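Here is a friendly walk through one protein chain, written for someone who thinks at the bench. Have the viewer open as you read.

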Amino acid sequence: MSAKAISEQTGKEFLYKYICTSAAVQNRFRYASVTSETDWDRLSQEHPWLLTERLVVKPDQLIKRRGKLGLVGINLDLQGVREWLKARLMRETTDEEFYVCIYATREGDHVLFHHEGGVEVGDVDAKAQRLMVAVDEKLSEDQVTEHLLTHVPDEKKEVLASFIVGLFNFYEDLYFTYLEINPIVVTKDGVYVLDMAAKIDATADYICKAKWGDVEFPPPFGREAYPEEAYIADLDAKSGASLKLTLLNPNGRIWTMVAGGGASVVYSDTICDLGGVDELANYGEYSGAPSEQQTYDYAKTILSLMTREKHPQGKVLIIGGSIANFTNVAATFKGIVRAIKDYQGPLKEHEVTIFVRRGGPNYQEGLRVMGEVGKTTGIPIHVFGTETHMTAIVGMALGHRPIPNQPPMDAHTANFLLNASSSAMTPATTRTASFSESRKSNDVTPAKKSKAGLPAAKATTLFGKQTKTIVWGMQTRAVQGMLDFDYVCSRDEPSVAAMVYPFTGDHKQKFYWGHKEILVPVYKNMADAMKKHTEVDVLISFASLRSAFDSTMEAMQYPQIHTIAIIAEGIPEAQTRKIIKVADEKGVTIIGPATVGGIKPGCFKIGNTGGMLDNILASKLYRPGSVAYVSRSGGMSNELNNIISRTTDGVCEGVAIGGDRYPGSTFMDHVLRYQDTPGVKMIIVLGEIGGTEEYKICQGIKEGRITKPVVCWCIGTCATMFTSEVQFGHAGACANQDSETAVAKNQALRDAGAYVPKSFDELGDVIKTVYDELVANGTIIPADEVPPPTVPMDYSWARELGLIRKPASFMTSICDERGQELIYAGMPITEVFKEEMGLGGVLGLLWFQRRLPRYACQFIEMCLMVTADHGPAVSGAHNTIVCARAGKDLISSLTSGLLTIGDRFGGALDAAAKQFSKAFDSGMLPMEFVNKMKKDGKLIMGIGHRVKSINNPDMRVQILKDFVKQHFPSTQLLDYALDVEKITTSKKPNLILNVDGFIGVAFVDLLRTCGGFTRDEADEFVEIGALNGIFVLGRSMGFIGHYLDQKRLKQGLYRHPWDDISYVLPEHMSM
């Protein structure tokens, strides 16, 4: 949602800090917050002024007319405050008080002023002076004085005019949507702001964060704030999806877990219509393609709440939703299934019955796994798909309709897409075509010319069979969906002419057109795309909420663009209103923001509208019908596609205008288009609570401007039954007055002559009745069905559905990054840190797929430490230094050093392990081993050191030896190597067991005796080079250190000195 109430404390802090006015605004604002648990003695110690000052007490939440409602106590001492809080006392206000209020509407911001403020201000809406400041215009002191201050004493006009102008600028700069001050007191000292109520546009956080800071939004008056609500709000803030939760009655027996902002309201309506309002526990929604983990977190919160208190009748959980446009239902249901499995005990204990209804991409698999978990856990779970009316499960859950034993199931996704015809042609392989060349289309709707000085007229027909569009954003899945739709509609060419993506250079993107591959050009700049594709008249913007405003304003500078769809949710309302103003001036139709788009069957669809191809075909959206609809909700528009296809000859056109308070185009805009479109025979409007747009439809029907049958239903009827305000899923779904309630609007539409059902449950029946009448009187003549061409299924989706299989290109068994959490050899990364496994433990998981004993992990870490470096003179470090001084980068320098590792430098670990193991395992005595190696003319790997000797031992070896002897269960191979060392050092003192040899033989002892490996596994790890990996990993630390050291010392190019080179050339030979 966008407009959110803030506390009076926050509002006043903003005002005193940021208002800019010549009026002397007196900041005498001191406050202390109290709750039912407040320690009053401690409070007076922390705020001693409470004992000496006269006080005002009131709830610090957005409640209009708090004084009138008896919710303000004034001129009290501290004891009086305590008594007022018990008895809700109220007293009269002071003189010299004024009232001011600023609030936003679609056209601009209204400033209300009344010369008598305070508790007894009365109905200011009726008697206040009023001034409307249009979008993008400024307010002047002269306007304020002339229109608002007519009844104010002359000596106070200048101060008040300056204050109100400053207040208006402050309201705009900090993105307020509502700001009421009652009263303002004006004295000779200046202006005092006493009582304030305010809302800010929460979507503007990314703009105003520096000024707002971290704003805490209080719950609506009359309802507690629950920690679970805060938890879900935090999840929502961190996610690109939408997650909402409001607890209405934690002890209720009816709980909901609904996908979609519009659908969530419809389910709440139906529950209340069927008498369940007192038992409805929560309102909430999850939408916007949340991940499996996000859905799991959301579901477990619901299940935790509903299994705390038992209900004598047991409880029901309604997992509902409309038909999704792009959310993978199976993926989200996996998260819910995980939560159900985790809570299966409490769910059975609390006698919970679950009812499921869902549709959308891969919904069949989602319903299958949901039904499966019911069978395996013993929890009664009733599962239904798109063949069942969306809200039918509510009647089943509440006992108003029977539960079918075996509900009919619609055909699987694959049934729609796999070509069963034996005469299907085989597509040509590796064939690529390009539709990047500009072509003039014959049916592009021309811009209507308007009279000079008047706004440009908007087109009646937005989309046709030749409509071409530019897609802003790299939304390849949505574009492919559009091209598949074009193909099944038998269009001659794809509807997507080009894409704009400012984060890459110009290039071409590959897509499929039926069986063929085609190339769609992608441009970095919109100007280039517009210049090269003059036939384009539609822009589909997938820009983020931060960039949608700028990209839309840029697009409207090109006269060829007549329609823009803005998909992004969360665009600040002030920016949306500016877009609307410019669009009206230029005659551009805006669909959105916060929309899935719209669809014209047989012609064109916007982005993900209509969902996957199986739903397109099931709802017969590949050819036009006779019914047009307009909705706010994207998910509910897809549900309308389903309902209309089952009750009529299908959809002629459908638009989801978006859930924001100020959609770019309105219900009436589209209803009038449909009225003027010959192919449309009846109109369906799915309105909702909030706003007054539906009354314009009433007026149009009464005045005869709308003559076609209109079936209309406004969702949100449950709101009037709730005891406190509930902000529904859409930003605009909130009634600010009685006329904005769904109940009032439904009655007005019914009175005007629209066909209005008794509930959403009956919407399909009313549509069918009206349609049948039109068929009976000859207005509609249903056409014969023509099967659409088949479209090959994408490989990735076919695999998702389990229709095909393919051998993997390669296998891995050590790490899995696909889930919510990284997993090392079966161990989640959080567990790795919780167990404090360290680097040695991680190496054990990734190299050996084992959780090694603590001493083994410590030994690995010690090996890495002792092999980390051995000075700059060794070949690897030398190479690294030379490369670094030649100006090479870190990776190149490190690689140069690593390439020197082999049998002569550092690579002796594996060789030593193999030689000593082979001799020991064959039963050869140490002396026999030494003699054999000498006889064969081979060096004993791991024996010998250039500097160290028996008299000057290598302390690295000594440290490791002490640890191994203390912690290893057995050291047979090490002991054997030490016996060999005694023989070799007796011949030459520097023929010691060096660090490479020691690590090699000790590691073999570790693998063989730690209990984690079989003998064959231990030998295999030696054979495949695992031990050399220890040296490579350890020495890499030293090489990197040498690289950084040379860069830090700013050493120049290295050249080897001549005097360190022996030049040996062949003697001169004369011919």
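What follows goes from the whole chain to two sheets, a few helices, a pocket and two single residues.

## The chain as a whole

Please keep in mind that this is a predicted model. The chain has 1071 residues, and 54% of them count as buried. Its secondary structure comprises 38 helices and 33 strands. Taken along the principal axes, the C-alpha atoms fill a box of roughly 115 × 90 × 80 Å.

How much of the contact map links residues 24 or more positions apart? Among contacts with a separation of 6 or more, such pairs account for 72%.

## A parallel sheet of four strands

Let us begin with the sheet built from β12, β14, β15 and β16, in that order. It is an open sheet, and its pairing is parallel. At the edges sit β12 (254–256) and β16 (381–384), each of which pairs on one side only. From one strand to the next, the twist averages 15°.

To see one pairing in detail, look at β12 and β14 (residues 315–319), which run parallel and are joined by three bridges. Within this pair, I254 stands opposite V316 of β14.

## A mixed sheet of six strands

Further along the chain is another open sheet, this time with six strands and mixed pairing. Reading across, the order is β26-β25-β28-β27-β29-β30. The edge strands here are β26 (604–605) and β30 (710–715), and each has a partner on one side only.

Inside this sheet, β27 (residues 627–631) and β28 (residues 651–656) run parallel, with five bridges between them. Y629 is placed opposite G654 in β28. Which helix lies across β27, β28 and β29? That is α21 (residues 634–647), which runs at about 160° to β27.

## T717, after the edge strand

The loop between β30 and α24 (742–752) holds T717. Is T717 buried or exposed? With a relative accessible area of 6%, T717 is buried, because the cut-off for buried is under 20%.

Leaving aside neighbours within four places in sequence, T717 is in contact with D269, D273, A742, V743 and N746.

## Two helices with a buried side

Helix α33 (residues 926–935) has four buried residues to look for: P926, F929, V930 and M933. They lie on the same side of α33 because they cover an arc of only 95° around the axis. A general rule helps here: an α-helix has 3.6 residues a turn, so residues three or four places apart point the same way. The cover over the buried residues of α33 includes α32 (908–921) and α35 (972–987). After α33 comes G937, with a positive phi near 70°.

Helix α37 (residues 1015–1023) can be read in a similar manner: A1018, F1021 and V1022 are buried. Seen down the axis of α37, these buried residues fall within an arc of 100°, so they line one face of the helix. D1016 and E1023, on the other side of α37, are exposed. What do the buried residues of α37 pack against? Their partners are α28, α32, α36 and α38. Just after α37, G1025 also takes a positive phi, of about 95°.

## L845 in helix α28

One of the helices packed against α37 is α28, and L845 has its place in α28 (residues 838–848). L845 has a relative accessible area of 4% and is therefore buried, the cut-off being under 20%.

Not counting residues up to four places away in sequence, L845 touches Y824, A825, M827, V832, M837, R850 and R851. For a sense of scale, the C-alpha atoms of L845 and H400 are separated by 57 Å, and the two residues are 445 residues apart along the chain.

## The second largest pocket

Finally, turn to the second largest pocket, which has a volume of about 1100 Å³. Its lining has 31 residues, and the closest to its centre are I943, G944, H945, R946 and N994.

Which elements give two or more residues to this lining? They are α33, α35, α36 (995–1009) and α38 (1026–1048). The largest share, three residues, comes from α33, the helix whose buried residues include F929 and M933.

Methods:
Residues are numbered from 1 along each chain as its sequence is written. This is a predicted model: local features need pLDDT of at least 70, side-chain atom pairs count only at pLDDT 80 or more; totals for chains, interfaces and linings use all residues. Side-chain values use heavy atoms; hydrogens and water are left out. Two strands pair if DSSP finds at least two bridges between them. Contact means heavy atoms within 4.5 Å. Axes are lines fitted to C-alpha atoms, for helices over the stretch in contact, and angles run from 0 to 180 degrees between N-to-C directions. Buried means under 20% relative accessible area, exposed over 50%, partly exposed in between (1.4 Å probe, protein chains only). The arc is that of the directions from the helix axis to the C-beta atoms. On a 1 Å grid over the protein atoms alone, a cavity is a set of points where a 1.4 Å probe fits but cannot get out, and a pocket is an open set with protein on both sides within 12 Å along at least five of seven lines; lining residues have an atom within 4 Å of a point. Grid points are joined across faces, edges and corners, and a volume is the space filled by probe spheres set on the points.
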